[in-house]
Amino acid sequence: MRYLTTIVIIILTSQLSYSQTHELGVFLGASNFIGDVGSTSHIAPNSPAFGGIYKWNRSPRHAFRFSLIYSELEGKDSESDDPRRIERDYSFKNQIIEASLGLEFTFLDYDLHDERPKTTPYLFTGITAAYHDNFFFARNRGLISEDTSSIAFGIPMVLGIKTSILGNFILAAEIGARYTFSDEIDGSVPDYDNEAPAAFGNTNNNDWYVFTGVTITYTFGKKPCFCSF
């Protein structure tokens, strides 16, 4: 039985090694923050964002996707349409490194080994983890660093469109909002304590941020025999 199991594993590994189609590339774009500090606009890129992206195309309709993106989230009350925020005049910058993992679904079949030009809209979702520094605002003292860091987990909601160019290259444009399970990225809640004297804003609404940009990926791997998963 042990030898049979070993043979089965070898066969499956061999098959997978010939059935994987990969994409590797870069993300270039910009970010904007949505929270208790800064503009209330949902899509208003104001800070560069860049990183790397990898996809494993499991079928012509879906792919496993991983990305690592860096940006400096920025919020300025002076750029808000809310008179109360303008009067308060808080501002912050917080560097984040985001890792995301999930599934990308295409609206149309997207066989990378079909030599004809292909274009399709797509959706991506999964889970994100954004590493960031902690700080808070003290009245009459401005922004105070907590000298600690945290990880804000979240859910990405990405809509994009991609097309094949120059043989093995794929160009895509996308807008992706991230809903986080944190309310601390903008310093409105120190140490995750909604009852802290320095806490402010709507404690029932967590932080969001948005990446807007393009990806350029290079495809490689032998022609797959796509399975049902």
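Okay, quick bit of vocabulary before I start: when I say helix or strand, I mean a DSSP run, at least four residues for a helix (H or I) and at least two for a strand (E), numbered from the N terminus. And please keep in mind that what's on the screen is a predicted model.

So, the overall layout. How many helices and strands are in the protein chain? Two helices and eight strands. Going along the sequence, you get α-β-β-β-α-β-β-β-β-β. The protein chain has 229 residues, and 41% of them are buried. If you take contacts between residues at least 6 apart in sequence, 67% of those join residues at least 24 apart.

Let's walk through some of the strand pairing. E1 and E2, with E2 being residues 47-59, run antiparallel to each other over eleven bridges. If you want a spot to click on, Ala-30 sits opposite Pro-48 in E2. Then E2 goes on to pair with E3, again antiparallel, this time over ten bridges. The link from E2 to E3 is a hairpin through two residues. Here you can look at Tyr-54, whose bridge partner in E3 is Phe-66.

Now the inside. As a general rule, nonpolar side chains in soluble globular proteins tend to be buried together. In our model, the largest nonpolar core holds 16 residues, and the ones with the most contacts inside it are Phe-33, Leu-73, Phe-92, Phe-137, Ile-185, Tyr-209 and Phe-211. Which strands feed it? At least two residues each come from E1 (21-34), E3 (62-76), E4 (91-106), E5 (119-138) and E8 (208-220). E5 gives the largest share, three residues.

I'd like to stay on Phe-137 for a second. Leaving out residues up to four places away in sequence, Phe-137 touches Val-37, Tyr-90, Ser-91, Phe-92, Gly-142, Leu-143, Asp-186, Gly-187, Ala-198 and Phe-200. And Phe-137 turns up again in the lining of the second largest pocket, together with Arg-88, Tyr-90, Ala-138, Arg-139, Pro-197, Ala-198, Ala-199, Phe-200 and Gly-201. That pocket has a volume of about 160 Å³. By class, its lining splits into seven nonpolar residues, one polar and two charged.

What about the largest pocket? Its volume is about 250 Å³. There are 19 residues around it, and Leu-112, Asp-114, Gly-167, Asn-168 and Thr-219 lie nearest the centre. Strands E6 (142-165) and E7 (169-180), along with E8, are the elements that give two or more residues to this lining. The class split is eight nonpolar, seven polar and four charged.

Last thing, some backbone angles for those of you who like to check Ramachandran plots. Asp-89 isn't a glycine, yet its phi is positive, about 60°. You'll find Asp-89 in the loop between helix H2 (83-88) and E4. Asp-147 also has a positive phi without being a glycine, and its value is near 55°. Where is Asp-147? Inside strand E6. Is Asp-147 buried or exposed? Its relative accessibility is 72%, so it counts as exposed, given that the cut-off for exposed is over 50%.

That's my tour: pairing strands, the core with Phe-137 in it, the pockets, and a couple of phi angles to look up. Happy to rotate the model for anyone.

Terms used. Residues numbered from 1 in each chain as written. Predicted model: local features only at pLDDT ≥ 70, side-chain atom pairs only at ≥ 80, totals over all residues. Heavy atoms only, no water. Core = buried A, V, L, I, M, F, W, Y, C linked by side-chain atoms within 4.5 Å. Buried < 20%, exposed > 50% of the residue type's maximum accessible area, 1.4 Å probe, protein only. Contact = heavy atoms within 4.5 Å. 1 Å grid on protein atoms, 1.4 Å probe; cavity = no way out; pocket = protein on both sides within 12 Å on 5 of 7 lines; lining within 4 Å. Points joined across faces, edges and corners; volume = space filled by probe spheres on them. Nonpolar A, V, L, I, M, F, W, Y, C, P; charged D, E, K, R; others polar. Pairing = 2+ DSSP bridges.
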